[in-house]
Amino acid sequence: MTLASLPTPRTPDPMDAPTLRWGVMGPGWIASQFTQSLQAHTRQEVVAVGSRALPRAQEFADKHGVRTAVGSYEELAALDDVDIVYVATPHPAHLEHAILSLESGKHVIVEKPIGLSAGQAREIAAVAQRTGLYCAEALWTMFLPKWDVVRQVVELGGIGEITSVHSDYGESFPDGHRVFDPALAGGPLLDLGIYPLAFVTSLLGPYESIAALGQPDPHGVNGQLGAAMTHAGGTLSVISTTLHGFLANQVTIVGTEGVLTVEPTHHSPGPLTLRYADRTLTYDEAPGNQASGLHFQAVEAVRRIAAAETQTPLWTLDDSVVALEASDEIRRQIGDDLTAAGLHE
Ligand SMILES: NC(=O)c1ccc[n+]([C@@H]2O[C@H](COP(=O)([O-])OP(=O)(O)OC[C@H]3O[C@@H](n4cnc5c(N)ncnc54)[C@H](OP(=O)(O)O)[C@@H]3O)[C@@H](O)[C@H]2O)c1
């Protein structure tokens, strides 16, 4: 079935969500973007921030008007006036900090990747299930209005049967960035490649087989890789990711009736294009960045918590596991062994 026009997003107004009190764990770059996004676009209150060093928490608190700063993550998780924690520490700390938050009785959203491996994601999911608290990976694209349009186009059969999905993600980083640090699980896959993996597995399901190749970066992490995967129903996905420069950074979803493109930059707010043989439809959305889009995942959490739900159907913990299973197999094939850097997978 071809569509006459693209559907409109069903995403509720972020301003309508009830207010929860948020604690930010790790006052780094993304935490700053997240806080700005919440403060600009929602009625959520960022009430506390925790750092390994009190002066860094205080600096963040002063910059963003956050009332409480504490000098350890344990103190943050223990605060009575925090309802939900946003874990924004580097990837290898996500497992520990997600579990710390849940065991302290706090709902939690955890920056991507939720863990270094599918096994870590399962560990977090088990604690979330036992504690009965909300838990989700902060895979923010899945919560953007434009991704709801993608979902509807696919559900309506607007591109027919999907036959393949293609996605890449490359960026440049300054020297000294954590993506070059083996001890912080550097390399493009867990930082950037997790998006293409999420896109293809959400559209095609778990991988059935993978063929991956990679090349190292001089800093001792993987520098670039490509992977082709087969999925159920005779479908195919192709992903690539690199630390060495900007790629197209888009998603192309090929169907029997048409081709849907999530235009650059795929993971941020922005437009979509649906091409049929005889015409082109567009979803026009102003391109945005983290500060204009990270709040959608937060208000989704708030709504689910208000409804006494512990996960979101927009990106379940099983979805996180499925994407990380592909990551695990890619890392195995390219020899990207995180335990060599002293990390526990
Ligand atoms: N959704 C997105 O668009 C997006 C974008 C960028 C990053 N991220 C994710 O967010 C996470 C953080 O990334 P970021 O770019 O914000 O990193 P960042 O600027 O380096 O901040 C990370 C924070 O974690 C804390 N931390 C705890 N243990 C640490 C350690 N061993 N080494 C360094 N810092 C440590 C630090 O705060 P204290 O030392 O003060 O406690 C630091 O401020 C990553 O997992 C990344 O994948 C998501």
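**Two pockets, two domains and some odd backbone**

Let's start with helix α8: it gives the most to the lining of the second largest pocket, with five residues. What you have here is a predicted model, so local features need pLDDT of at least 70 and side-chain atom pairs count only at pLDDT 80 or more, while totals for chains, interfaces and linings use all residues. Residues are numbered from 1 along each chain as its sequence is written, and side-chain values use heavy atoms, with hydrogens and water left out.

Back to that pocket. A pocket here is an open set of points on a 1 Å grid over the protein atoms alone, where a 1.4 Å probe fits and protein lies on both sides within 12 Å along at least five of seven lines; lining residues have an atom within 4 Å of a point. The second largest pocket holds about 210 Å³ of space (grid points are joined across faces, edges and corners, and the volume is what probe spheres set on them fill). It has 16 lining residues, and Arg 10, Thr 11, Pro 12, Glu 300 and Leu 314 are the ones nearest its centre. Two elements supply two or more residues of this lining, namely α6 and α8 (295–306). (Helices are DSSP runs of H or I with at least four residues, strands are runs of E with at least two, and both are numbered from the N terminus.)

Helix α6 spans residues 145–155, and Asp 148 sits in it. Is Asp 148 buried or exposed? Its relative accessibility is 7%, so it counts as buried (buried means under 20% relative accessible area, exposed over 50% and partly exposed in between, with a 1.4 Å probe and protein chains only). Its side chain has two polar partners to look at. One is the backbone nitrogen of Arg 10, reached at 2.7 Å, and another is the side chain of Gln 152, at 2.9 Å. (A polar contact is a pair of N or O atoms within 3.5 Å; within protein, one must be able to donate a hydrogen and the other to accept it, and sequence-adjacent residues count only if both atoms are side-chain atoms.) Beyond the neighbours within four places in sequence, Asp 148 is in contact (heavy atoms within 4.5 Å) with Thr 8, Pro 9, Arg 10 and Thr 11. Arg 10 and Thr 11 turn up again among the residues nearest the centre of the second largest pocket.

Now zoom out to the domains. The chain is assigned domain 1 (14–141) and domain 2 (146–288 + 316–341), with bounds from an automatic or database domain assignment. Their centres, taken over C-alpha atoms, are 25 Å apart, and 21 residues of domain 1 touch 23 residues of domain 2. Where does the largest pocket lie? Both domains give residues to its lining, so it lies between them. About 960 Å³ of space is in there, and of its 38 lining residues, Gly 28, Trp 29, Ile 30, Ala 88 and Arg 178 come closest to the centre. Helices α1 (29–41), α4 (94–103) and α7 (188–204) each provide at least two lining residues, and α7 provides the most, with three.

Next stop is Ser 51, in the loop between β2 (45–50) and α2 (54–64). Ser 51 is buried, with a relative accessible area of 1%. Its side chain reaches the backbone nitrogen of Ala 53 at 2.9 Å. Not counting neighbours within four places in sequence, Ser 51 has contacts with Pro 27, Arg 56, Ala 57, Val 70, Gly 71, Ser 72 and Tyr 73. For a sense of scale, the C-alpha atoms of Ser 51 and Ala 277 are 54 Å apart, with their positions 226 residues apart in sequence.

Finally, some backbone geometry. Most residues other than glycine have a negative phi, and most peptide bonds are trans. The bond from Lys 112 to Pro 113 is cis, with omega near -10 degrees; Pro 113 is in the loop between β5 (107–111) and α5 (118–131). Pro 264 and Thr 265 are also joined by a cis bond, with omega about -5 degrees, and Thr 265 is in the loop between β12 (259–262) and β13 (272–275).

As for phi, Asn 249 has a positive value of about 55 degrees without being a glycine. It lies in the loop between β10 (235–242) and β11 (251–255) and counts as buried at 4% relative accessibility. Ala 308 has a positive phi too, near 60 degrees, and belongs to the loop between α8 and α9 (317–334). Unlike Asn 249, which is buried, Ala 308 counts as exposed, at 70% relative accessibility.
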